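Q: Please take a close look at a single part of this protein and describe how it is built into its surroundings. Then set it against the rest of the chain in one connected account.

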Amino acid sequence: MDDSLIEQSVQRLFAEEVDKAVRDRAEDGALDERLWRLTVHSGFTMALASEAAGGVGESWSAVVPILHGIGYWQVPLPLAETMVGALLLSMAGVPVPDGPIALIEQGQGNDLRAAGSGSAPRLTGAATHVAWARHAHTVVVSLSDGRLALFDLRDTGSIVCSEQLDAARLPSDTLRFNDAPCIAQAALAQPLAQPVWALGALARSVMMVGALESALEQSARFANERVQFGKPIGRNQALQQQLALMAGDCAAARMAALAATADAPSTTQPDAPAAAFSIAVAKVRCGEAATRATGIAHQVHGAIGFTREHSLHFATRRLWAWREQFGSDAHWAEQLGRLAITGGSRAFWPALTQRRFGAASMR
């Protein structure tokens with residue numbers, strides 16, 4: 001699929017189909033089945049999956065418009081999770097199931113225990129903050145031994161979903177596994193120690209860039225339209241400075257995210273030695289930008305930006321939620337700092353320019 005065609009398809013679909021009513025319904029607990037079918041028919045859910053698995057086999061750089069669009073238009077669907085899950089399953093040679101896919105990394109925010117080896121490991125324990133779990137048909141679990149396991153979430157006898165919400169009022173559920181059998185499993189050969197955690201962080205980073213740019217555009221527009229004391233508030237130098245700082249954060253976050261997508265593993269680029277480092281940098285930079293930019297956006301808008309009727313909160317609340325998911329900026333900064341210290345002063349510059357820092361073991 002041509003990259004420009006992907007961007008055009010994303011803009012046409014999301015601009016026409018995603019509005020405040022769609023976002024409100026999602027926050028009330030409903031999954032927009034029609035919008036989901038449109039994304040499936042557009043090929044978005046299988047964009048990263050290999051052609052052999054029925055996907056498109058695109059690189060992460062090529063699918064940036066999809067992930068960016070999720071953030072920019074605040075699309076309330078488990079699309080990013082399904083894209084990552086389909087990619088990992090296709091890389092492991094496991095058939096990609098129909099329907100939305102949820103993601104779990106064993107050992108990150110959960111006490112999951114896998115028993116048994118061979119073709120059917122069984123899972124016991126609880127996983128918290130699983131995005132969109134209540135609407136997903138299956139969940140991909142990256143096990144600590146390097147295997148990828150697929151579980152059927154419709155098996156309510158051994159998997160129970162407790163519904164919860166994140167800061168954006170979107171599903172962030174707890175899944176409890178009671179000796180749940182997997183329906184498929186395979187070893188996953190790729191460069192990331194924790195692939196669900198890392199690729200989830202990458203997807204969130206690109207989504208955050210989209211939401212940041214949406215918040216920036218809304219803020220600049222409001223500053224030019226809102227008139228006080230006979231002139232637009234955007235003519236005040238102090239406010240211009242804040243918007244300039246916000247724009248700088250957005251640009252830096254975008255470049256970090258684009259660099260990470262270029263380094264990320266895909267079906268066409270399975271060997272990606274710089275991926276873990278670049279993903280960590282992107283999540284740090286996007287998380288820091290989200291913290292500063294949301295504050296500026298709400299200061300520019302004043303009281304109206306906090307109202308339910310205004311659209312700003314759809315972007316800012318997602319930024320607050322996404323900066324914490326798949327590791328906060330503090331989490332990933334700690335990983336980078338620990339690896340830099342371990343490498344020592346002589347190894348620092350070569351590791352920095354090669355984007356490595358022993359990143360294969362980054363967790």
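A: Two strands are taken to pair if DSSP finds at least two bridges between them. The model is a predicted one, and the part chosen here is strand β4, which forms a hairpin with β5, with 4 residues between the two strands. In the turn of this hairpin, Gly-146 has a positive phi of about 95°.

The two arms of the hairpin, β4 and β5, run antiparallel and are joined by 5 bridges. One of the positions can be named: Val-141 has Ala-149 of β5 as its bridge partner. β4 also pairs with strand β1 (residues 101–105), this time in the parallel sense, and again over 5 bridges. Here Leu-103 has Val-140 of β4 as its bridge partner. β4 thus has a parallel pairing with β1 and an antiparallel one with β5.

Burial comes next. Strand β4 covers residues 138–142, and 5 of its 5 residues are buried, so the strand is largely enclosed by the rest of the structure. In a regular strand, side chains alternate between the two faces of the sheet. In β4, Thr-138, Val-140 and Ser-142 point one way, while Val-139 and Val-141 point the other way. Residues of both sets are buried.

The partner strand β5 (residues 147–152) leads on to an aromatic contact, as it holds Phe-151. By the ring-centre rule, the model has 5 aromatic pairs. In one of them, Phe-151 and Phe-177 meet edge-to-face, with 5.7 Å centre to centre and 70° between the planes. Phe-177 lies in strand β7 (residues 172–181), so the pair ties together parts that are 26 residues apart in sequence. Both Phe-151 and Phe-177 are buried.

Through Phe-177 the account reaches β7, which belongs to an open sheet of 4 strands in the order β2-β3-β7-β6, with antiparallel pairing. The edges are β2 (113–115) and β6 (159–162); each has a single partner strand, so one side of each is left without a neighbour in the sheet. On average, neighbouring strands of this sheet are turned by 20° against each other, direction ignored. At one edge, β2 pairs with strand β3 (residues 122–131) in the antiparallel sense over 3 bridges. Across this pairing, Ala-114 stands opposite Leu-123 of β3.

Elsewhere in the chain, the largest nonpolar core has 98 residues, and Phe-14, Trp-60, Ile-66, Leu-67 and Leu-199 have the most contacts inside it. Helix α6 (residues 195–225) gives the most to this core, with 17 residues. Apart from it lies another core, of 19 residues, among them Ala-127, Ala-133, Ala-136 and Leu-175.

Phe-14 can be followed further. Leaving aside its neighbours within four places in sequence, its contacts include Phe-44, Ile-66, Gly-69, Ile-70 and Trp-73. Ring pairs also link Phe-14, Phe-44, Tyr-72 and Trp-73 into a cluster.

Helix α4 (residues 64–72) offers a helical counterpart to the covered strand, with 8 of its 9 residues buried. Ile-66 and Leu-67 are among these buried residues, as are His-68, Gly-69 and Ile-70. The cover over the buried residues of α4 includes α1 (3–17), α5 (79–92), α6, α7 and α9 (312–322). Just after α4, Gln-74 takes a positive phi of about 50°.

Some positions are less covered. Ala-251, in helix α7 (residues 237–263), is partly exposed, at a relative accessible area of 42%. Phe-229 sits in the loop between β9 (227–228) and β10 (231–232) and counts as exposed, with a relative accessibility of 85%. The cut-off for exposed is over 50%. A charge over a ring is also found: Arg-23 lies over the face of Phe-314, at 5.4 Å from the ring centre.

To return to the part chosen: β4 is buried at 5 of 5 residues, is paired with β1 in the parallel sense, and runs antiparallel to β5.

Methods
Residues numbered from 1 in each chain as written. Predicted model: local features only at pLDDT ≥ 70, side-chain atom pairs only at ≥ 80, totals over all residues. Heavy atoms only, no water. Buried < 20%, exposed > 50% of the residue type's maximum accessible area, 1.4 Å probe, protein only. Core = buried A, V, L, I, M, F, W, Y, C linked by side-chain atoms within 4.5 Å. Contact = heavy atoms within 4.5 Å. Axes fitted to C-alpha atoms, helices over the stretch in contact; angles between N-to-C directions. Phe/Tyr/Trp six-rings, centres within 6.5 Å; stacked < 30°, edge-to-face > 60°. Lys NZ or Arg CZ within 6 Å of the ring centre and 35° of its normal.
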